[in-house]
Amino acid sequence: MGSGESKLCLVTGATGYVGGRLVPQLLVNGYRVRCLVRTPEKLRDVPWRDQVEVVRGDLFDEDAVRAACDGADVLYYLVHSLQQKGYGDLDRRAAAGAGRAARQAGVSRIVYLGGVHPAGKLSEHLRSRAEVGETLLRSGVPTAVLQAAVIIGSGSASFEMLRYLTERLPAMVTPRWVSNRVQPIAVRDVLHYLVAAADLPGEVSRAFDIGGPDVLTYAQMMRTYAAVAGLPRRVMVPVRVLSPELSSLWIDIVTPVPRSIGVPLIESLINEAVCAEHDIDDHIARPEGGLTGLADAIALALRRIQRGEVETRWSDASPVSAPWEPIPSDPAWSGGTVYRDVRERVTDAPPEAVWRVVEGIGGRHGWYSFPLAWAVRGWIDRLLGGVGLRRGRRDPQRLRTGDALDWWRVEELAEGRFLRLRAEMKVPGRAWLELSVEPEDGGTRYRQRAVFIPHGLLGHLYWWAVAPFHGLVFGGMVRRILGAAGRAPAGKRGATSAESLR
C-alpha cells in the first residue's frame with residue numbers, strides 16, 4: 001500500500017445480502033473496493049458500481065481468487081453454498097482455496113462473517129459455518145471471524161421469517177425451539193463491526209461473537225415484532241411434537257423463505273444462539289449511540305420496507321448452479337428444440353406509461369394475467385422445493401439487473417425499453433420471459449416473448465402440457481399490461497403468434 005493510499009478491500013459475496021450493503025459502507029469510510037463475483041452483470045445497476053473495481057471469478061477457481069487478491073490488503077469472505085447439496089464440503093473447499101490464495105498474494109487480513117454456535121453437537125448449517133471460520137483461521141493470514149446469530153434488517157431471511165410468521169399467524173402452535181434464547185443483532189451493527197475489522201492489528205486472529213443488547217426467546221421476538229408493528233398480541237400454544245422438518249414445512253407455506261434456506265435457519269435455532277463472549281469490545285468500539293435493540297431494529301427495517309428503501313434482500317444471491325448465459329436466439333445453440341411463445345400489440349398509450357407497468361410487474365402488483373394459474377404454479381413450485389411466487393421484489397417500482405422477482409431473476413434491463421427475466425422455478429428445462437417497449441406512430445409497440453429449452457423428454461412433455469394455457473396466461477398478460485397503461489383501440493392490435501421452432 002503506497003504512502004497515504006487507502007486500503008484495498010476485496011469483497012466476495014458482493015451480490016448477496018450482507019456483501020451488497022458492506023461495499024457502500026466501505027466506500028463511505030474511505031476504503032478502495034474490488035468485488036470478485038461470478039456474474040459481474042448482476043452489479044451493473046447498483047448505485048456504487050462506478051466506484052469499485054469488479055472482476056469475474058469463482059471461489060472454486062483458486063487461480064482466479066489469487067489474481068483477484070493481488071494488491072489487496074483485506075479479503076472479506078461473505079459467501080456460502082447453503083442452497084446446494086453437500087454445501088458443507090463445497091464451503092470447506094472454497095475456504096481452503098481462498099485462504100491459500102490470500103496468503104500467496106500477500107493479503108494482510110481476512111474478515112469472515114459466521115454464526116454464533118454453542119459447544120457440542122451442531123446443526124449441519126452451523127457446523128459448516130464454524131468449519132469455514134476454522135479453515136480461514138488456519139490459512140496463515142490474520143483472520144477475524146465475526147459470529148452473529150439472527151441478523152435483523154429489511155430484506156434479511158431471518159427478518160422475513162420473523163415478519164411473516166408473526167403477521168400471518170395471530171395464533172400458532174409452536175415447537176420447542178421457540179423457547180430457546182436468541183441474541184439478535186441489527187444489520188447496521190454487523191456492518192459496523194465488519195468495516196472496523198479491516199483495521200484490526202495483525203496479531204489479532206481469532207473468532208469473536210457479536211450480538212445486540214437483547215437476549216430473548218424466539219417467541220419473545222415474535223411478540224416484540226407484533227408490538228412494534230401494531231398487531232394484536234399473538235397467541236402461542238407450545239407443543240413438543242413439531243420437528244425441525246415439520247417446522248420448516250410450515251415456514252415454507254407461510255413465509256417467502258424457501259425450504260432450502262428455512263431448514264438450516266430452523267436447525268440453527270434448535271441450539272441457543274447467545275454470545276459466549278463479547279471480547280470484540282476490547283478491539284472495536286461499539287457504534288455511536290450503542291448497539292441497536294431488537295425493537296428499534298424491527299422499526300428501522302419496517303420503515304425501510306414502507307419507504308421502498310430496501311438495499312439488498314436474502315433473495316439477491318442466486319444458487320451457485322444457476323445459469324447466467326444470454327438467451328439463445330438460434331435453435332442450434334441448444335443442440336435441439338427451442339420453444340417460443342411470441343405476442344405483440346400496438347397501443348395508443350405512450351411508451352413511458354407502458355414501461356412503468358412493465359417495470360412494476362410482479363410482487364404485490366401481480367402478473368397481469370390469470371391469477372389462479374400463476375398461484376397454482378407457484379404452489380407447485382414450492383411443493384417441489386422451489387422458490388415459488390412469494391419472493392416478491394426488492395423495490396415496489398424499480399428494478400435492477402440481478403434482482404429476484406418472484407420466481408424470476410432480472411437478467412437484462414434496458415431502462416424504458418427492455419426487460420429479460422430468467423426462471424428460477426423447478427422446471428424440466430430453462431426458461432426466459434422478455435418484455436419490450438418500442439415507440440411506434442405516436443403510440444407503443446409492446447412485444448412479449450417466452451422462451452423454453454426443454455431438458456429431455458420430460459421437458460418436451462411439460463411444454464406441450466402447458467401450451468394450451470398460454471393464450472389464457474400470456475395473452476392475458478398482453479391485454480392487461482396494455483390496459484393498465486391505457487387501453488389501445490381495437491384497430492391498432494398487432495399480430496399474435498405462438499410457435500415452436502426446431
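Helices α5 and α7 are roughly perpendicular to each other, and they make a good place to start in this predicted model. Two packed helices are described by the angle between their axes and the distance between the axes. Here, the axes of α5 (residues 157–168) and α7 (residues 218–229) cross at roughly 70° and come within 9 Å. An angle from 65 to 115 degrees counts as roughly perpendicular, which is why this pair earns that description.

If you would like to find the meeting place in the viewer, look on the α5 side for Ser 158, Phe 159, Met 161, Leu 162, Arg 163, Leu 165, Thr 166 and Glu 167. Their partners in α7 are Tyr 218, Met 221, Met 222, Tyr 225 and Ala 226. Sorted by class, this contact has nine nonpolar residues, together with two polar and two charged ones.

Now let us move along the chain to helix α11, which spans residues 351–359. This helix is mostly covered, with seven of its nine residues buried. Those buried residues are Pro 351, Ala 353, Val 354, Trp 355, Val 357, Val 358 and Glu 359. What lies over them? The cover includes the strands β14 (338–347), β16 (408–414), β17 (418–423), β18 and β19, as well as helix α14.

Some of those elements turn up again at our next stop, the second largest pocket. Rolling a probe the size of a water molecule over the atoms shows where empty space is left. The second largest pocket has a volume of about 610 Å³ and a lining of 26 residues. Nearest its centre are Arg 377, Tyr 462, Val 466, His 470 and Phe 474. At least two lining residues come from each of α12, β18 (429–440), β19 (443–454), α13 (456–466) and α14 (470–485). Which of these elements gives the largest share of the lining? That is α12, with five residues. As for chemical class, the lining divides into 23 nonpolar residues, one polar and two charged.

Helix α12 (371–383) also leads us to the last stop, since the loop between α12 and β15 (404–405) holds Gly 388. Is Gly 388 buried or exposed? Its relative accessible area is 0%, and buried means under 20%, so Gly 388 is buried. Leaving aside residues up to four places away in sequence, Gly 388 touches Gly 378, Asp 381, Arg 382, Asp 406 and Trp 407. Trp 408 is 20 residues from Gly 388 in sequence, and their C-alpha atoms are 9.4 Å apart in space.

Conventions:
Residues are numbered from 1 along each chain as its sequence is written. This is a predicted model: local features need pLDDT of at least 70, side-chain atom pairs count only at pLDDT 80 or more; totals for chains, interfaces and linings use all residues. Side-chain values use heavy atoms; hydrogens and water are left out. Helices (H or I, at least four residues) and strands (E, at least two) are DSSP runs, numbered from the N terminus. Buried means under 20% relative accessible area, exposed over 50%, partly exposed in between (1.4 Å probe, protein chains only). Contact means heavy atoms within 4.5 Å. On a 1 Å grid over the protein atoms alone, a cavity is a set of points where a 1.4 Å probe fits but cannot get out, and a pocket is an open set with protein on both sides within 12 Å along at least five of seven lines; lining residues have an atom within 4 Å of a point. Grid points are joined across faces, edges and corners, and a volume is the space filled by probe spheres set on the points. Ala, Val, Leu, Ile, Met, Phe, Trp, Tyr, Cys and Pro count as nonpolar, Asp, Glu, Lys and Arg as charged, and the others, Gly among them, as polar. Axes are lines fitted to C-alpha atoms, for helices over the stretch in contact, and angles run from 0 to 180 degrees between N-to-C directions. Angles under 35 degrees count as roughly parallel, over 145 as roughly antiparallel, 65 to 115 as roughly perpendicular and the rest as oblique.
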